[in-house]
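Student: I am new to this structure and would like to understand the terms used to describe it. May I see it before we begin?
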Amino acid sequence: MLDDLRELYQEVILDHGKSPRNFRDVEDATAHAHGANPLCGDQLVVYLKLDDGKRIEDVSFVGKGCAISVASASMMTELVKGRTVDEAKAMFERFHEMCTGEDSGDDSTLLEDDLEKLNVLSGVRAFPVRVKCATLPWHTLNAAIDGKDEATTEA
Ligand code: ZN
């Protein structure tokens, strides 16, 4: 990765880590799940409010963890808000591929803007131990969508 690109990635991650977006609970949430990454100690709860058409009307998180996990959760809530659960799952799949290096190159379900944001997050693949920190919020979101209470990176 080019140094200036890496710097940009760090800047975005630091900004979200320092002032996370949607860091609150959703009082009338229709689903929530708890996620834990024992390797790092990251813990969070993701709250979801789905409308009748399975669209994510509101999404938020609370918890504590390293800057990467908090930044990833913050960016995730911005990305999936207003999307259907299927769109959110497709995004997670793509993000997971980016992080693990199994890049299928299938961006058909994503907008260019989404892709750019996911790309920033997937900068963690340069730091393999951080991949679980970055994917934890998405695993937790997935669990909430599927009606499960718990998510772990060790599953
Ligand atoms: Zn972490």
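Tutor: The discussion below takes up the sheet and then one residue in a helix.

Tutor: This is a predicted model, in which local features need pLDDT of at least 70, side-chain atom pairs count only at pLDDT 80 or more, and totals for chains, interfaces and linings use all residues. Residues are numbered from 1 along each chain as its sequence is written, and side-chain values use heavy atoms, with hydrogens and water left out.

Student: What makes β3 and β4 edge strands?

Tutor: The open sheet has four strands in the order β3-β2-β1-β4, with mixed pairing. β3 (56-64) and β4 (150-152) each pair on one side only, and are the edge strands. Strands here are DSSP runs (E, at least two residues), and helices are runs of H or I with at least four, numbered from the N terminus.

Student: How do you know that β2 and β3 pair, and in which sense?

Tutor: Two strands pair if DSSP finds at least two bridges between them. β2 (residues 42-50) and β3 have eight bridges, in the antiparallel sense, so the definition is met. Within this pairing, L44 stands opposite G63 in β3.

Student: Why is T135 called buried?

Tutor: Buried means under 20% relative accessible area, exposed over 50%, and partly exposed in between (1.4 Å probe, protein chains only). T135 has 3% relative accessibility and therefore counts as buried. T135 is found in helix α5 (residues 131-145).

Student: Which residues is T135 in contact with, leaving aside its neighbours within four places in sequence?

Tutor: They are F92, F95, H96 and C99, where contact means heavy atoms within 4.5 Å.
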